[in-house]
Every structure is written in structure tokens, then in C-alpha cells.
Amino acid sequence: MSDQKVFKILSIDGGGIKGLYSAVILDDFEKRYGKLSDHFDLICGTSTGGIIALALAAGIPAKEIVNLYEKHGPIIFPYQNKYHRKLQKLKQIFITSKYSDNVLKDALINVFGDMRIEDCKTNVLIPASNITKGTPCIIKTDHNADLGRDSQHLLVDVALATAAAPTYFPVQKIPTMNDPDDQFADGGLFGNNPSLHGIQEAYHFFIGENNQNYTNFSLLSVSTLHQNFSFEKPLKIHRRSFFLWSANLISLMMDLQSISTHYHIEYLNKSLKGQYIRINSEPLTKKESKLIDIDMAGKDSIELLISKGHEASSKWLEDSRLLEFFNDKETTIRGEKVGKM
């Protein structure tokens, strides 16, 4: 048995089709170091990151998620031409959600089948927004005797709930919730970068002599690719309507929230002294940035996301700090130590 006392966390940001960037990075890591569920005590993810986190925690190869985005992304986020995209935006603002969830649901069923939270190989944590009660909701493994709400949730239902970005996809229900009529929207409304929730979970249940006797945490946090949305010149229209902000407001909110969480952890970690690695978004040229958005899944956008993912992973594969996450370790699943992986 290992003397390892560090609780290892993997966290994956939200961001629609931009999650392909994160999935490529994690696929490259998995090809080098083996199944990621064997190396982490907790895998967290929001929205598209929640889909990736659920798959990895269930032992599904990251390559399958890369394939899902590459194959189904253009169908989930259909784009024909600029005129069609403008019509979609008008529909999104005035009429209904921009996309149906039918294609996404079918794709997720192909990946997850009838697997449930209790079937995951390691602990998982997924933020979703309960819009019925107006509260955050953290869906997670029932790894402690004080927990008991989430084990029977289908992974498909949880994935749809955390990824139900407002104005992009319909709100969702999770039939096995205590209140099955509650409706859920994207967890990115409050936790697009779920790293802080992962640290909180570790300290609440696992770190310290009264818990699982872990002495500290190691956190690997993976960003999506940010499209550098900003206003380079002063705005001509200062009192901007929702129409003028359009969907850019959601993209900006999600990116700022992820970056802000990163700054919080850097500050807190001066006291906590855990290991923290943040794999940030790769820089984009102005031309490249125009190809990146939550729902831009055309051929050029897909190719760019894949290329940037490989570019990011190549900078980390041999990094000594990253290698510490992939040493043989004693892992904890649902609160029980299961030995070396």
C-alpha cells in the first residue's frame, strides 16, 4: 500500500463545443499515463466539462468524448451560413432555446447507456443550477454516510442538466431527484470552473484526521479555449440592450467566472499550500478567435480546437509537476480505500 496522503482532484471548465479543447488535452494525458479515473480521487466538471468529467469518472476513455464532439458537434450545433446563424440568434433572443437537446441526448445515450452515478469508478462532482428553487445544486457521488441523494441519477440526465446553457438548450429535469419536478439549467451560472467546489469537497469529507486522513490536496484544473471576447475600442453604445449583448454576454460571463476562480485559488493556496496546476487557454490570433464560441462547430472551428488542445498538452506531458498526478497511488472511491491503481 502507498503512503500517499494527497487527495487528487481533476477539474474541467464549461464552455460548450470549446470543451473539445479540454477533451483533447485529457486524451493526450490518458494515452501517455493510462485511464484517468485510476489517478484521481475526485473528478469535477461543469457543463461540457461535466460531460467529460462523468465520462472519465465512469472509466470511459477521453477519446470517446473527443469523437463525440468531433462527430456530433456539427449536428448538435448546426451551422449553415451567416444568414442562418443570424436567424438562430433572433430565435434565441425572442422565441425559444437556440437548439433542441434531441441530438445531444442521443449522443450522450450512445456514450453512457444506462450508467448511473453509482457506477462511476471514482468520485465525481457536477454543478447544476436548480432554477425551480433558485439554488446551486452539486450532484456528486454518495461517498459518505451523510450523503444519499444522487447515486441513482442516470449519467445522461446529469449531463443534460449541467449542460443546459440558458437560451442555448431547454431546461432539464432529473427524475430521480427528491423533487422530480425541479428543473435545472447549466451549472456554469454559478460554477463554470468547479475547482473551488472540488477543494471544498476534499476538506469537508477527506482531508484531516477526522476524515479520510489525507493531509492535503493536489488539483489539476483544465480550461476550455477562450475566444478572447473583449471590446478593443470604447463602445459607441454604452446603454446596451440584451439584443446588442446577444449571446456574447453568456460567453463573457463564463470565461470571466473561470478566470476569477483561478485567481481565488492562487490566493487561497498561499495558506492551504496544496499543489495546483491550471492548464489555461492557449492564445489565439484575432483570426482564430473569430472561429471560437460556445456553439461554433464548423469544420475550421473543430480543427482549431483539436490543434490547440494538442498544442497545450505538449507543453505539459513531460512537466515534473504533472507527473506527480500520475504516480502509483492509493485511491478512494465512495469513501473506501481500494489500494494501488
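Reader: Is Glu-311 buried or exposed, or does it lie in between?

Author: In this predicted model, Glu-311 has a relative accessible area of 30% and is therefore partly exposed. The class follows because partly exposed covers values between the limits of 20% and 50%.

Reader: With which residue does Glu-311 form a salt bridge?

Author: The general idea is that side chains of opposite charge can pair when their charged atoms come close. In this structure, the partner of Glu-311 is Lys-308, and their closest N and O atoms are 3.7 Å apart. Lys-308 is buried, at a relative accessible area of 7%.

Reader: How are Glu-311 and Lys-308 placed in helix α12?

Author: Helix α12 spans residues 299–314, and the two residues stand three apart within it, so about one helical turn separates them.

Reader: Which residues are joined into one network by salt bridges that share partners?

Author: Lys-133, Asp-179 and Asp-182 are joined in this way. Within this group, Lys-133 and Asp-179 form a salt bridge with their closest N and O atoms 2.8 Å apart. This pair links distant parts of the chain, with the two positions 46 residues apart. Lys-133 lies in the loop between β3 (123–130) and β4 (135–140), whereas Asp-179 lies in the loop between β5 (172–173) and β6 (183–186). Lys-133 is partly exposed, with 44% relative accessibility, and Asp-179 is likewise partly exposed, with a value of 39%.

Reader: Where do the side chains of Asp-150 and Arg-149 stand with respect to each other?

Author: They meet in a salt bridge, with an N to O distance of 2.6 Å. Asp-150 is buried, with a relative accessible area of 2%, while Arg-149 is partly exposed at 32%.

Reader: How many salt bridges are there by this rule?

Author: The count for the structure comes to 14 salt bridges.

Reader: What does the side chain of Thr-162 reach?

Author: A side chain may also approach a backbone atom, as the case of Thr-162 shows. Its side chain reaches the backbone nitrogen of Ser-47 at 2.9 Å. Thr-162 belongs to helix α6, which comprises residues 155–162. Its relative accessible area is 0%, and Thr-162 is therefore buried.

Reader: Which residues does Thr-162 touch, not counting those up to four places away in sequence?

Author: Thr-162 touches Gly-45, Thr-46, Ser-47 and Gly-50 among others. Its contacts also include Ile-126, Pro-127 and Ala-128, together with Asp-186 and Gly-187. Ser-47 thus appears among these contacts, and its backbone nitrogen is the atom that the side chain of Thr-162 reaches.

Technical notes
Residues are numbered from 1 along each chain as its sequence is written. This is a predicted model: local features need pLDDT of at least 70, side-chain atom pairs count only at pLDDT 80 or more; totals for chains, interfaces and linings use all residues. Side-chain values use heavy atoms; hydrogens and water are left out. A salt bridge is a side-chain nitrogen of Lys or Arg within 4 Å of a carboxyl oxygen of Asp or Glu. Helices (H or I, at least four residues) and strands (E, at least two) are DSSP runs, numbered from the N terminus. Buried means under 20% relative accessible area, exposed over 50%, partly exposed in between (1.4 Å probe, protein chains only). A polar contact is a pair of N or O atoms within 3.5 Å; within protein, one must be able to donate a hydrogen and the other to accept it, and residues adjacent in sequence count only if both atoms are side-chain atoms. Contact means heavy atoms within 4.5 Å.
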